[in-house]
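This briefing is intended for reading alongside the sequence and the coordinates. Its topics are backbone geometry, the two sheets, the ligand shell and model confidence.

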Amino acid sequence: MCNNTVSSAMIDSMFTVRLERIRTLSESTKDFRFVCADNISLDYKPGQFYRFVFTDEQGEFERSYSLCNFDELYGRHMDLVISQVDSGRATKLLFDCQEGLEAKVTGPFGRLTLPEEVPGRLVMVATSVGLAPYIPILKELETSGFPEVLLLLGVRDRSEFIYGDLLKNYADQHDYFELRLCLSREKASAGYEHDGYVNAQIERLEVTPDADHFLLCGNPGMIDDAWAYLKESGFKPKHVVREKYVFARESKSSAKALTEEQKQLIADKLKKYGK
Ligand SMILES: Cc1cc2nc3c(=O)[nH]c(=O)nc-3n(C[C@H](O)[C@H](O)[C@H](O)COP(=O)(O)OP(=O)(O)OC[C@H]3O[C@@H](n4cnc5c(N)ncnc54)[C@H](O)[C@@H]3O)c2cc1C
C-alpha cells in the first residue's frame, strides 16, 4: 500500500468519489470506475463492500456495492460492476449518467474475505454480479498460498459471463484455480461450462466440512439453498461466509416498520428530554 493510505478507522468516515469511467460489459451490466476526490488510498480487505450515497432529483439515497478492483487494489480508484434492475433508483441514475457524477462513500464493510487459516479447498460461489468481490480476492490469492480454489459462477447465458477473459486467463495461468461457469438457460459446450445452477455443482463436489471453506455471494435464494445443503452436510457458519445482495430499503419504509412499542419508546424519550 502506498504512503497516503488512511487507516480503516479514518476511512469509516465519509469521503467523496467522482465517476471517472463507464464501460459496458453486457446488455445489462456496466463497470464504473470512481476516483477518490480526497488524496487518500483505499484500505480494505479484498471482498469487502462500500456504501455509496447518491443524489438524484428526490434527494439522497444509499446503495451498497462490492469493490471489484483487480489491477490496482489499494490506490485511489474504486471499480464497481453493476447490473441494471427494472425501475431501480440507482440504476436510473447510474445508467443515464456521465463521468463526473459524485457520491459520498462509507466503508469498508463485510466479512466476505479470505479466511485467516488456509483451508484445503476454497470454494467461491456467485450468481451474476455477485462475482464482483471475488475479482480482488483473485488478485490477493496470487500471493496467499491457497492450494485449491474453485469458482462456481451462475449465469443464465453466455452474454452474462462478465470478466470472461480475465477469468479464463487466470485459470490458464494459475494451477490452483478452477473456473466452472454454470449456465441455466443455455447448453454447456466448453470444458469449463456446466449445465444448470451453481447449487447442483455444489452437491456434486463431495464437500468436506473439515477441509472446505465456502464464500457465497449474490442472489439471496441461491445462498439460502446452498447454506441449507452445507449445514445439512455438517458445515459450521464459520466455514460458510455469506453475502446476500439484498435490496436496499428506503428510509420511509423503515420508519413504517417501527412497532407501536418502538414508537412509544421514542415518544417517551422525546418527552423526557423536552424535545
Ligand atoms: C452488501 C451488498 C453488496 C452489493 N454489491 C453489489 C454489486 O457489486 N453490484 C450490483 O449490481 N449490486 C450490488 N448490490 C445491490 C445494490 O446495492 C442495489 O440493491 C442494486 O444496484 C439495485 O439498486 P437500484 O436502486 O437500482 O434498485 P432499487 O430502487 O433498490 O429497486 C427497484 C426495484 O427492483 C427490485 N430489485 C432491486 N434489486 C433487484 C435485483 N437484484 N433483482 C430483482 N429485483 C430487484 C426492488 O425490490 C424494487 O422493487 C449489493 C447489495 C448489498 C447488500
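**Backbone geometry and overview**

Ser128 is located in the loop between E7 and helix H3 (134-141). This residue has a positive phi of about 50° although it is not a glycine. Most residues other than glycine have a negative phi, and most peptide bonds are trans. A departure from the second tendency is the peptide bond from Gly107 to Pro108, which is cis, with omega near 10°. Pro108 itself belongs to strand E6 (residues 102-109). The model is predicted, and the mean pLDDT of the protein is 89.

**Antiparallel sheet**

- An open sheet with antiparallel pairing is formed by 6 strands in the order E4-E3-E6-E1-E2-E5.
- E4 and E5 are the edge strands of this sheet, and each pairs on one side only.
- On average, neighbouring strands here are turned by 35° against each other, direction ignored.
- Strand E3 (residues 49-56) pairs with E4 in the antiparallel sense over 8 bridges.
- A hairpin through 2 residues joins E3 to E4, and Thr55 stands opposite Glu60 in E4.
- Strand E1 (residues 15-26) has antiparallel pairing with E6 over 4 bridges; the bridge partner of Val17 in E6 is Ala103.
- E1 also pairs with strand E2 (residues 29-36), in the antiparallel sense and over 8 bridges.
- Between E1 and E2 there are 2 residues, and the two strands form a hairpin.
- Within the pairing of E1 and E2, Ile22 has Phe32 of E2 as its bridge partner.

**Parallel sheet**

- A further open sheet consists of 6 strands in the order E10-E9-E8-E7-E11-E12, with parallel pairing.
- Strand E10 (193-195) and strand E12 (240-244) each have a single partner strand and stand at the edges, so one side of each is left without a neighbour in the sheet.
- From one strand to the next, the twist averages 15°.
- Strands of a sheet pair through backbone hydrogen bonds, either parallel or antiparallel.
- Strand E7 (residues 121-127) and strand E11 (residues 212-218) pair in the parallel sense over 6 bridges.
- Val123 has Phe214 in E11 as its bridge partner.
- Helix H6 (residues 220-232) lies across E7, strand E8 (149-155), E11 and E12.
- The direction of H6 is at about 165° to E12.

**Ligand shell**

- How many residues surround the ligand, and which are the closest? The ligand is surrounded by 23 residues, and the closest are Ser64, Gly88, Arg89, Ala90 and Thr91.
- Strand E4 (59-66), strand E5 (77-83) and helix H2 (89-95) each contribute at least two residues to the shell around the ligand.
- By residue class, the shell divides into 13 nonpolar, 6 polar and 4 charged residues.
- Domain 1 (8-109) and domain 2 (121-244) each provide at least three residues of the shell.

**Model confidence**

- Of the residues of the protein, 86% reach a pLDDT of 70 or more.
- Over residues 251-263, pLDDT stays under 50. For this stretch the model has 2 contacts beyond four places in sequence.
- Residues 269-275 also have pLDDT under 50 throughout. The model has 1 contact beyond four places in sequence for residues 269-275.

Notes:
Residues numbered from 1 in each chain as written. Predicted model: local features only at pLDDT ≥ 70, side-chain atom pairs only at ≥ 80, totals over all residues. Near = placed C-beta within 6 Å. Nonpolar A, V, L, I, M, F, W, Y, C, P; charged D, E, K, R; others polar. Domains from an automatic or database assignment. pLDDT = per-residue confidence, 0-100. Contact = placed C-beta atoms within 7 Å. Pairing = 2+ DSSP bridges. Axes fitted to C-alpha atoms, helices over the stretch in contact; angles between N-to-C directions.
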